[in-house]
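Biologist: I am new to this protein and would like a close look at a single part of it, taken slowly and with each term explained. Please begin with one strand and its partners, and work outward from there.

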Amino acid sequence: MILRRVKSHSQSVFLTFDDGPDPVGTKPVLEVLAKYDARATFFVITDKAKREPTLIEEILSAGHTIGNHSADHAYRHLFRGEAHLRTWIESADQGLRAQGINPVGFRPPAGVLTPHLLAAARASAQPVVLWNERFFDAVIPWGEARARRSAGRLKGGSIVLLHDRQRAARVNKFCKTLDTYLACLEQRGLRFEALTNEICSGVQR
Ligand SMILES: [Zn+2]
């Protein structure tokens, strides 16, 4: 099962933040979300979640949800067979559960899907959660013009890929752009919801 957009929630936008929890970016992102009373979903790397339990606690206590973005974000796994991938997905899931997290689904690093990966996710009963809007903000700075263009045409129910792992030199600009993005979407009457297990598993799609 692959989710790219939540068509049943046409008044909402589902913001997702990947590659954290991050000692630089996560807290400032949480502050912008709080300003708009926005809920979002953080696709975390299990090894980093273990190192940053306080950030995990802050994410959850603010009402956001968490997804599995693999144990280590290492691309070499993506080209392995189903059995290996299943162990890789499930061990990351179990690591998050050991921290009191109930992950909403799995998002492969870079969104790479192979037939083996899909089979492994299915065998692990993990919904695969992708997106229908992205800005490549992990690679190039996310600026206001692109944010405004997206906010003007974004469809309700969209899943937006962003990254709370940001370089220290870029985090202020990123958060300012995020603030503008949320303001523009709010003006269109859209709300910001977190993905849930019900949505990702298809009960509420
Ligand atoms: Zn990632």
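Modeller: Strand β2 is joined to strand β8 (residues 191-192) by two bridges, and these two strands run parallel; within that pairing, serine 12 has arginine 191 of β8 as its bridge partner. Two strands are said to pair here if DSSP finds at least two bridges between them, while helices (H or I, at least four residues) and strands (E, at least two) are DSSP runs, numbered from the N terminus. This is a predicted model, in which local features need pLDDT of at least 70 and side-chain atom pairs count only at pLDDT 80 or more, whereas totals for chains, interfaces and linings use all residues. Residues are numbered from 1 along each chain as its sequence is written.

The strand has further partners. With strand β7 (residues 159-163), β2 pairs in the parallel sense over five bridges, and in this pairing leucine 15 stands opposite valine 160. With strand β3 (residues 41-44), β2 shares three bridges, again in a parallel arrangement, and there phenylalanine 17 has phenylalanine 42 as its bridge partner. Between β2 and β3 the chain passes through helix α1 (residues 26-35), and this β-α-β crossover is right-handed, meaning that, with the strands pointing away from the viewer, the path from the first strand over the helix to the second runs clockwise.

Six of the seven residues of β2 (residues 12-18) are buried, so the strand is largely enclosed by the rest of the structure. A residue is called buried if 20 or more other C-beta atoms lie within 10 Å of its own, exposed if 12 or fewer, and partly exposed in between, the C-beta atoms being placed from the backbone. The largest nonpolar core has 53 residues, and of these Leu15 and Val160 touch the most other members; such a core is a set of buried Ala, Val, Leu, Ile, Met, Phe, Trp, Tyr and Cys residues joined through C-beta atoms within 7 Å. If its neighbours within four places in sequence are left aside, valine 160 is in contact with Val13, Phe14, Leu15, Thr16, Trp131 and Glu133, where contact means that the C-beta atoms of two residues, placed from the backbone, lie within 7 Å.

Following the chain onward from β2, one comes to the loop between β2 and α1, where proline 21 is found. The peptide bond from glycine 20 to proline 21 is cis, with omega near 0 degrees. For background, most residues other than glycine have a negative phi, and most peptide bonds are trans.

In helix α1 itself, the buried residues are Thr26, Val29, Leu30 and Leu33. They cover an arc of only 100 degrees around the axis, which puts them on the same side of α1; the arc is that of the directions from the helix axis to the C-beta atoms. An α-helix has 3.6 residues a turn, so residues three or four places apart point the same way. The buried residues of α1 pack against β2, α3 (53-61) and α7 (171-187). After α1 comes aspartate 37, whose phi is positive, near 50 degrees.

Another residue to find from here is arginine 170, which lies in the loop between β7 and α7. Arginine 170 is partly exposed, with 17 other C-beta atoms within 10 Å. Although arginine 170 and glycine 25 are 145 residues apart along the chain, their C-alpha atoms are separated by 9.3 Å.

Threonine 46 belongs to helix α2 (residues 46-51). Threonine 46 is buried, with 23 other C-beta atoms within 10 Å, and, leaving aside neighbours within four places in sequence, threonine 46 is in contact with Ala71, Ala92, Gly95 and Leu96.

To set this part in its surroundings, the protein has eight helices and eight strands. Its radius of gyration is 16 Å, close to the 17 Å that the globule rule gives for 205 residues, so the protein is as compact as a globular protein of that length; the radius is taken over C-alpha atoms, and the rule is 2.2 Å times the number of residues to the power 0.38. Of the 205 residues, 42% count as buried, and among contacts between residues at least 6 apart in sequence, 84% join residues at least 24 apart.
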